[in-house]
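Here is a short guide for a reader new to this structure. It takes up helices, open and closed spaces, and two single residues in turn.

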Amino acid sequence: MQQVKVEPYSGGCGGLVSGVDLGNLTDEEFTVVRDAFLQYGVIFFRHQQLSQEQHLALARRFGSIVINKFFPETSEYHEIAEVRKEPAQKTNIGGGWHTDHSYDEIPAMGSILVARELPSSGGDTLFCNMSAAFDGLSDGLKTTLKGLSAIHSNEHLYGEQGLYKKTDIADLLHGKDLVGKAVHPVVIEHPETGREILYVNPGHTRRFDGWSAAESKPLLDYLYSVASSAENTCRFRWEPGSVAIWDNRSTWHLAVNDYHGERRLLHRITIDGAPLKAAA
Ligand code: SIN
């Protein structure tokens, strides 16, 4: 057996795991991978050759699979979503900071994204460490935030008047009922590590519960600017064979849209989560 190596990917965000074949993980290696996932929030792998079947098998070791109705599916498996941008398309999916499915009552636990076709340059994905983001706040602000909940929704994106309706990916919405809304604590306790995490995101958090959108905006903007500071983020450059696995409760991500005229295709499997609990 090769020696599994886990190291930080950057100072404040992400881990790099090497010495493993994700398509053939022993139970012992899977435990190392899972521990790294929990420790770093997002972990990256290079030089993998995962078939769609191996991608599915790996996801099932993390939990049950969620079908995201927005994405097209691969022709082989409806559990595998295609995150695809064609050369003629201008809009990409996930081009702003967000946490997947925070508009669901029980948001997704995480995702496994596999590179399939990459542009000649660009198309990186940024990640943000939301546990470090919370740790960096003052004790006073932490206490205030722990008393708050926030409204999350996707209506401004997927609804009748939503942003995506006005773009060249509007056809992805056709005939689908995708609108969701949920209320979550602003600071959650990670169900497995017990860490405190700032659980608001620019993509889906609309306002604090009991506050107006105008009242919420200055504090949300402050939290977003602190969270997305350079020290707290990392940028993953995809290569053929790259895989990223992220914990959706403790990270944000953003797909950089800087490769117009070229095709980019990744396969994503999303894994089911558990109800979120407020930090004490
Ligand atoms: C996403 O899952 O939001 C897309 C990430 C990416 O395309 O890099």
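A residue is called buried when its relative accessible area is under 20%, and exposed when that area is over 50%. The model shown is predicted.

## Helix α1

In α1, the buried residues are Glu29, Phe30, Val33, Arg34, Ala36, Phe37, Leu38 and Tyr40. What do the buried residues of α1 pack against? Their partners are the strands β1 (5-8), β2 (15-18), β3 (42-45) and β14 (243-247), together with helix α2 (52-62).

The length of α1 can be checked too. The helix runs over residues 27-40, which makes 14 residues. At 1.5 Å a residue, α1 should span 20 Å, and its end C-alpha atoms are 20 Å apart, so the two values agree. Gly41 follows α1, and the phi of Gly41 is positive, near 85°.

## Helix α4

Helix α4 covers residues 139-146, and its buried residues are Leu141, Lys142 and Leu145. Why do they lie on the same side of α4? They cover an arc of only 105° around the axis, which puts them on the same side. A general rule helps here. An α-helix has 3.6 residues a turn, so residues three or four places apart point the same way.

The face of α4 turned away from the buried side carries Asp139 and Thr143, both exposed. The cover over the buried residues of α4 includes α3 (130-135), β10 (187-189), β11 (196-198) and α6 (213-227).

## Pockets and cavities

Rolling a probe the size of a water molecule over the atoms shows where empty space is left. The table sets out four such spaces.

| Space | Volume | Nonpolar lining residues | Polar lining residues | Charged lining residues |
|---|---|---|---|---|
| Largest pocket | about 470 Å³ | 15 | 13 | three |
| Second largest pocket | about 180 Å³ | seven | four | three |
| Largest cavity | about 70 Å³ | seven | three | three |
| Second largest cavity | about 60 Å³ | four | one | three |

Take the pockets. The largest pocket has a volume of about 470 Å³. Its lining counts 31 residues, and Ile93, Gly94, Gly95, His98 and Tyr164 lie nearest the centre. Three elements give two or more residues each to this lining: α5 (155-158), β15 (251-255) and β16 (264-271).

The second largest pocket holds about 180 Å³. Which residues of its lining are the closest to its centre? They are Lys69, His101, Tyr103, Asp104 and Leu178, out of 14 lining residues.

Now the cavities. How many cavities of 30 Å³ or more does the structure hold? There are three. The largest cavity has 13 lining residues, with Ile67, Asn68, His78, Glu79 and Ala81 nearest its centre. Strand β16 gives the most to that lining, with three residues.

The second largest cavity is lined by Val83, Arg84, Lys85, Asn92, Ile93, Ala255, Tyr259 and Arg264. Here strand β5 (residues 81-85) gives the most, again with three residues. Ile93 is named for this cavity, and Ile93 is also among the residues nearest the centre of the largest pocket.

## Two buried residues

Ser111 lies in strand β6 (residues 110-117). Is Ser111 buried or exposed? Its relative accessibility is 1%, so Ser111 counts as buried. Leaving out residues up to four places away in sequence, Ser111 touches Asp100, Ala244, Ile245, Trp246, Arg268, Ile269 and Thr270. Gln52 is 59 residues from Ser111 along the chain, and their C-alpha atoms are separated by 14 Å.

Ala227 has its place in helix α6. Its relative accessibility is 0%, so Ala227 counts as buried. What does Ala227 touch, not counting residues up to four places away in sequence? Its contacts are Cys128, Met130, Ala133, Asn232, Thr233 and Trp252. Phe44 is 183 residues from Ala227 in sequence, and the two are 21 Å apart in space, C-alpha to C-alpha. Helix α6 has come up before, as part of what covers the buried residues of α4.

Notes. Residues numbered from 1 in each chain as written. Predicted model: local features only at pLDDT ≥ 70, side-chain atom pairs only at ≥ 80, totals over all residues. Heavy atoms only, no water. Buried < 20%, exposed > 50% of the residue type's maximum accessible area, 1.4 Å probe, protein only. Helix = DSSP H or I, 4+ residues; strand = E, 2+ residues; numbered from the N terminus. Arc of directions from axis to C-beta. Contact = heavy atoms within 4.5 Å. 1 Å grid on protein atoms, 1.4 Å probe; cavity = no way out; pocket = protein on both sides within 12 Å on 5 of 7 lines; lining within 4 Å. Points joined across faces, edges and corners; volume = space filled by probe spheres on them. Nonpolar A, V, L, I, M, F, W, Y, C, P; charged D, E, K, R; others polar. Expected span 1.5 Å × (residues − 1).
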